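Biologist: I've got a model open and a pile of labels I'd like you to justify. Can we go through them one at a time?

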Amino acid sequence: MSFNELGLSPHILRAVKELGYEQPTPIQQQAIPAILAGQDVLGGAQTGTGKTAGFTLPMLHRLLANHGRGGRRQVRALVLTPTRELAAQVGESIIKYAHHLPFRTLIAYGGVSIKPNLDAIKLGVDILVATPGRLLDLLTQGALTLTQLEVLVLDEADRMLDMGFITDIRRIMKALPDTRQTLLFSATFSSDIKALADDLLREPTLIEVDPSNTAADQVTQRIIQVDRERRRELLSHMIGRGNWQRVLVFVRTKQIADRLAQQMQKDGLNTVAIHGDKSQGARNRALADFREGKVRVLVATDIAARGLDIDQLPHVINFELPQMAEDYIHRIGRTGRAGRGGEAISLVSQDELGQLKDIEALIGQSLQVEILDGYEPSGKPSRQTLPGSKPVQNPPRARGHANAKGGKGKPAAGKGKSEGSKKPAPARKREVVGEDIGFTPMRRLPKAQRGDFQDNSNEE
Ligand code: AMP
């Protein structure tokens, strides 16, 4: 199928062509006709599938059809995203897709000055991309009315619920007209998401490109069991030995992110951490440096890295497994995007083998556990072993690389010799980074911490 067959305006097709898209991705093939037909959509799509264009292109077409009617310019399309980074990314994509259209797009998120948002709204905004907190600020200040809204998009709705935005979303809904078209996208379908969809969508068309909860097909998944306190050493070793130039590393907490970044830096790898405590400017800079190749390793918490679209990201590392199994899918979805292959490597300590089982159950795949020469687990009791009980011996299902196979037709867990199997790592002083890994529950920052403001308006 070609883009020309979808019935989109020539101005939109021109932008798509200029971006070098040759044919619509599977989600685009399904979503575009449904949205053009005015249907509500419940989309089960991971990032990396082209879902942004999937909802944006038909949305723009519909906005164009009614453009110029009515008086003062008011918001006609609203895209809600869970994080600032995702708002910026989606907003920038919309601006590209709308390059030849007469629309004004505003990207509004907390942590930066609200004043430029207010100025942009005064001039008139057609498309608003916002995080829930900032949108509520704008609504409560009376800066914005959404009574003319035609299309509402909830992007990464599962993450919005995880982050505790449900009350905000319900408050926002009260400001919206009932006659709108609603599009809800989510990588996973929990009962909460289904309940939200039941409330917000009218007879939605269900669109699923991958069966829900299935890990991205392009990604080779490797699980390496290693002692908690040797993970950093192994990680630096793999990056150096494989000469990897762009590596995204996931950790659970801000503290671990900072500490790991410092230690990797000491290992001679140019590394930056991004997490919710970093200023928006610092996060944007870190991302830009990583995208441009000035930074080799980006260490991120789940929230900070959510939805990031980084071209050519061949390696994603789970330095620790995520607390919630669903996040595993989000994390590994950072690599293998838009048809390119990628490798997601999880460094797993003995006490995480239980979490690994949850992940395997979620993705419906059994993942082979490798042990690399020179990094064999010591078999010491884990922190989570109950006092008085024997350490649980969970023998890995494969040792070394040669006999390690991926589950369910996935590629074997690596090609050729593994980084660690050629020669044992030199005995180095072990720095403990994982000892105090704790779980910081995901939550919204209180208003006071959402900080200052800056201009994000983008106008034609
Ligand atoms: P998304 O899932 O929307 O974050 O998109 C993932 C990546 O795929 C982005 O870099 C898009 O620019 C790219 N992309 C989206 N649609 C297409 C397409 N039809 N052909 C090629 N690349 C695309």
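**Labels and the values behind them**

Modeller: Sure, and let's start with the sheet: seven strands form an open sheet in the order E10-E11-E9-E12-E13-E8-E14, with parallel pairing. Keep in mind that this is a predicted model.

Biologist: What makes E10 and E14 the edge strands?

Modeller: Strand E10 (271-274) and strand E14 (369-370) each pair on one side only.

Biologist: How do you know that E9 and E12 are paired?

Modeller: Count the bridges: a pair needs at least two, and four join E9 to strand E12 (residues 315-318), the two running parallel. If you want a spot to click on, leucine 248 stands opposite valine 316 in E12.

Biologist: Which strands does helix H12 touch?

Modeller: Helix H12 (residues 280-292) packs on the sheet and touches E9, E10 and strand E11 (297-301). The direction of H12 makes about 140 degrees with that of E11.

Biologist: On to strand E5. Which strands does E5 pair with, and over how many bridges?

Modeller: One partner is strand E2 (residues 77-80), in the parallel sense over four bridges. Another is strand E6 (residues 181-186), also parallel and joined to E5 by four bridges. With two bridges as the minimum for a pair, E2 and E5 qualify with four, and so do E5 and E6. For landmarks, alanine 77 stands opposite valine 151 in E5, and valine 153 stands opposite leucine 183 in E6.

Biologist: Which way do the residues of E5 point, and are they buried or exposed?

Modeller: In strand E5 (residues 151-154), Val151 and Val153 point one way, Leu152 and Leu154 point the other way, and all are buried. In a regular strand, side chains alternate between the two faces of the sheet.

Biologist: Helices next. Why is H3 called oblique to H4?

Modeller: The axes of helix H3 (residues 51-65) and helix H4 (residues 84-97) come within 10 Å and cross at roughly 45 degrees. Roughly parallel would need an angle under 35 degrees, and roughly perpendicular starts at 65. The crossing falls in neither range, so H3 is oblique to H4. The crossing is right-handed.

Biologist: Which residues make that contact, and how do they divide by class?

Modeller: From H3 you get Thr52, Ala53, Phe55, Thr56, Leu57, Met59 and Leu60, and from H4 Val90, Ser93, Ile94 and Tyr97. By class that is eight nonpolar, three polar and no charged residues.

Biologist: And what makes H2 and H3 roughly parallel?

Modeller: Helix H2 (residues 26-36) packs against H3 at about 25 degrees, with the axes 8 Å apart. The cut-off for roughly parallel is under 35 degrees, so H2 and H3 count as roughly parallel to each other. H2 passes H3 in a right-handed crossing. On the H2 side, the contact is made by Ile27, Gln28, Ala31, Ile32, Ile35 and Leu36. The H3 residues include Lys51, Gly54, Phe55, Pro58 and Arg62. The contact of H2 with H3 divides into 10 nonpolar, three polar and two charged residues.

Biologist: Why is leucine 6 called buried?

Modeller: Buried means under 20% relative accessible area; leucine 6 has 9%, so it counts as buried. Leucine 6 lies in the segment before helix H1 (10-18). Leaving aside neighbours within four places in sequence, leucine 6 is in contact with Met1, Pro24, Ile32, Pro33 and Leu36. The C-alpha atoms of leucine 6 and proline 58 are separated by 9.2 Å, with their positions 52 residues apart along the chain.

Biologist: And glutamate 203, why does that count as exposed?

Modeller: The bar for exposed is over 50%; glutamate 203 reaches 77% relative accessibility, so exposed it is. Glutamate 203 sits in the loop between helix H9 (191-200) and strand E7 (205-208). Its phi is positive, about 40 degrees, although glutamate 203 is not a glycine.

Biologist: Where is asparagine 243, and what is its phi?

Modeller: Asparagine 243 is in the loop between helix H10 (231-242) and strand E9 (247-251). Phi is near 55 degrees, a positive value in a residue other than glycine.

Biologist: What do the totals for the chain come to?

Modeller: The secondary structure comes to 15 helices and 15 strands, and buried residues make up 57% of the 460 residues.

Notes:
Residues are numbered from 1 along each chain as its sequence is written. This is a predicted model: local features need pLDDT of at least 70, side-chain atom pairs count only at pLDDT 80 or more; totals for chains, interfaces and linings use all residues. Side-chain values use heavy atoms; hydrogens and water are left out. Axes are lines fitted to C-alpha atoms, for helices over the stretch in contact, and angles run from 0 to 180 degrees between N-to-C directions. Angles under 35 degrees count as roughly parallel, over 145 as roughly antiparallel, 65 to 115 as roughly perpendicular and the rest as oblique. A crossing is left-handed if the near helix is turned anticlockwise from the far one by less than a right angle, and right-handed if clockwise. Contact means heavy atoms within 4.5 Å. Ala, Val, Leu, Ile, Met, Phe, Trp, Tyr, Cys and Pro count as nonpolar, Asp, Glu, Lys and Arg as charged, and the others, Gly among them, as polar. Buried means under 20% relative accessible area, exposed over 50%, partly exposed in between (1.4 Å probe, protein chains only).
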